[in-house]
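Me: Hey, can you walk me through this one? I'm new to this, so plain words please.

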Amino acid sequence: MAAAPIITSRDVHLYYGKHEALKGIDLDFNPQQITALIGPSGSGKSTYLRLLNRMNDLIPNIKITGDIRLYQQDIYASDMDIVQLRKEVGMVFQQPHPFPFSIYDNVVYGLRLAGIKDRAVLDQAVETSLKAAAVWTETKDILHESALALSGGQRQRVCIARVLAVKPAVILLDEPTSALDPISSSKIEQMLVDLKKDYTIIMVTHNLQQAARASDKTAFFLDGQLVELNDTVNFFTAPAKKESEDYISGRFG
Amino acid sequence: MNVKRQDKLATIILYVIAGAIILVLVALLAFILIQGLPHVSWHFLTAPARAFEAGGGIGIQLFNSFYLLVLAMLISVPLSLGAGIYLSEYAKKNWLTGLIRTSIEILSSLPSVVVGLFGFLIFVIQFNFGFSILSGALVLTVFNLPLLTRNVEESLASISHAQREAGLALGLSRWETVLKIIVPEALPGIVTGMILGAGRVFGEAAALIYTAGQSAPALDFTNWNPFYIASPLNPMRPAETLAVHIWKINSEGIMPDAVAVSAGASAVLIVAVLIFNLVARWLGQRLFKKMTSS
């Protein structure tokens, strides 16, 4: 183990009304690694991911217990600044939905919100973020055109650049490539691998090959429980649990 | 009869129905325009009406219609935006918001003459506003608000839920997300709905007969002080609008050229409403294009 984990979670339970969607998850995430969360639909992996930046808060009748810490700080503590949390923990969604503004305005949105007005700083952030998201060459001449005019894969990378611009420590991705074609997907995968030296990346994916190619650790969820957390290489070659082996060999899910 | 022939028959019937509707519309428009347009001249559009002799115009009525429209929209646009945003973004699903939605639906189906009489009792008599532009604007607000609110609510609801999450995930508060992301994205739909609402208000007569009044006192277009009694901007003066004027000269007009004035005024009204509709479509498409650059 290289460094102390950046996010720790202990005995996390989540209830939608009476239904227990997460049944006690213990899971840690290391910096500069990509962790893939896999499992069949309804296994709780997305629900768990969304706990990490408190995106579940607005859902009615939800109850969360347990302990989730970022830098050893309880993110569900009553004095937690949720805006600050979401700056530290950025999120990319399945549907590539840029805001209805220009590419430039999309990327600097979070910075402008933080009160940064200096044009030079914003220009620099746009270039750095779009480069890091591997979409700079395609967009550098059309920065002031609407982001909605881009293709799905480009949109998703602009959405990622938008998150990178606010310099989070952790990036959550909820099936970032499932709405994209294979070429766009592989570009994003490659980009994530390039990004991990600066970020902690946690990614939900339905694509097992993607998890195997891109991630360092794989966490397998089933029925609201964490079945196995393992180094990705080991997970896909010599899984520790019977359920894991059944899942990756396509016997269910 | 086999499936293919059934399909063909259904298609033909649908075409006939659609054609009949278009035919009625075109005939109506053509009739009004052919009857009315020859009477429309610059003099007709600007001169005051005459009660007993020929040669009167619709200048004051035309101005009243626009002024009333602007006032009514000034009141109803912010209200409907607020109500629509609340219903779409904040309202929880419970009996109270259910009641609000039902009330809005009932309100939108009230006959305008009933809304007019309600406005007469409340604004004209109870609040002592008299027959005035203010009473008229308020009653038009009551008349228009439900539809505008529905339009805003539906425009906002059509924006993907993912946009709300994306805003929140960037650290925006809920209000910032609504104001800076959801409303701008819904703007083409909202603007289109507002302009169509404006067109409806422009042509409204029944609700105004008892509120804005049926008389158009002479206006002094050199004095724009809103507190001066003959000022065009005075909101407390009675103001017959174009639509009310048409109704009035057809029911009790005694000027010798009543038929011509009525036909001309109708043509002007129709043209104005057509312009509202075309502008609504043009602006909505333009806004959408500007946002998507497609």
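Me: How many positive and negative side chains does chain B have?
Reply: In this predicted model, chain B carries 18 positive side chains and 14 negative ones. The centres of those two sets sit 10 Å apart.

Me: Which of the charged ones in chain B are linked in a network of salt bridges?
Reply: That would be B:Glu105, B:Arg150 and B:Glu154.

Me: OK, and how many helices and strands does chain B have?
Reply: Eleven helices and zero strands. The C-alpha trace of chain B spans about 70 × 60 × 40 Å along its principal axes.

Me: What share of chain B is buried?
Reply: Buried residues account for 42% of its 294 residues. On the outside, chain B exposes about 15600 Å², and 72% of that comes from carbon and sulfur atoms.

Me: Switching topic: how many residues does each chain bring to the contact between chain A and chain B?
Reply: Chain A gives 21 residues and chain B gives 21 residues. Together the two chains bury about 2000 Å² between them, with 67% of it on carbon and sulfur atoms.

Me: Which three residues supply the most on chain A's side?
Reply: A:Phe99, A:Pro100 and A:Leu113. They supply 25% of the area chain A buries against chain B, more than any other three residues.

Me: How many salt bridges run across that interface?
Reply: The rule finds one. A:Arg50 pairs with B:Glu165, and their closest N and O atoms are 2.4 Å apart. Over all chains, a search of the whole structure turns up 17 salt bridges.

Me: Let's look inside chain A. Where do A:Glu138 and A:Arg157 sit?
Reply: A:Glu138 is in helix 6 (residues 136–139) of chain A and A:Arg157 is in helix 7 (residues 152–165), 19 residues apart. Their side chains meet in a salt bridge, 3.2 Å from N to O.

Me: Is A:Arg157 buried or exposed?
Reply: A:Arg157 is buried, because its relative accessible area is 2%, under the 20% cut-off. A:Glu138 comes out at 28%, so this one counts as partly exposed.

Me: And what does A:Lys217 pair with?
Reply: A:Lys217 forms a salt bridge with A:Asp231, with the closest N and O atoms 3.5 Å apart. A:Lys217 lies in strand 9 and A:Asp231 in strand 10 of chain A, so the pair ties together parts that are 14 residues apart in sequence. A:Lys217 counts as buried at 18% relative accessibility, while A:Asp231 is partly exposed at 35%.

Notes:
Residues numbered from 1 in each chain as written. Chains lettered and ligands numbered in written order. Predicted model: local features only at pLDDT ≥ 70, side-chain atom pairs only at ≥ 80, totals over all residues. Heavy atoms only, no water. Helix = DSSP H or I, 4+ residues; strand = E, 2+ residues; numbered from the N terminus. Buried < 20%, exposed > 50% of the residue type's maximum accessible area, 1.4 Å probe, protein only. Areas by Shrake-Rupley, 256 points an atom, 1.4 Å probe, with all protein chains shown as cover. Lys, Arg positive; Asp, Glu negative; His and termini not counted. Charge placed at Lys NZ, Arg CZ, Asp CG, Glu CD. Contact = heavy atoms within 4.5 Å. Buried area = accessible area lost by both parts, 1.4 Å probe. Salt bridge = Lys/Arg side-chain N within 4 Å of Asp/Glu carboxyl O.
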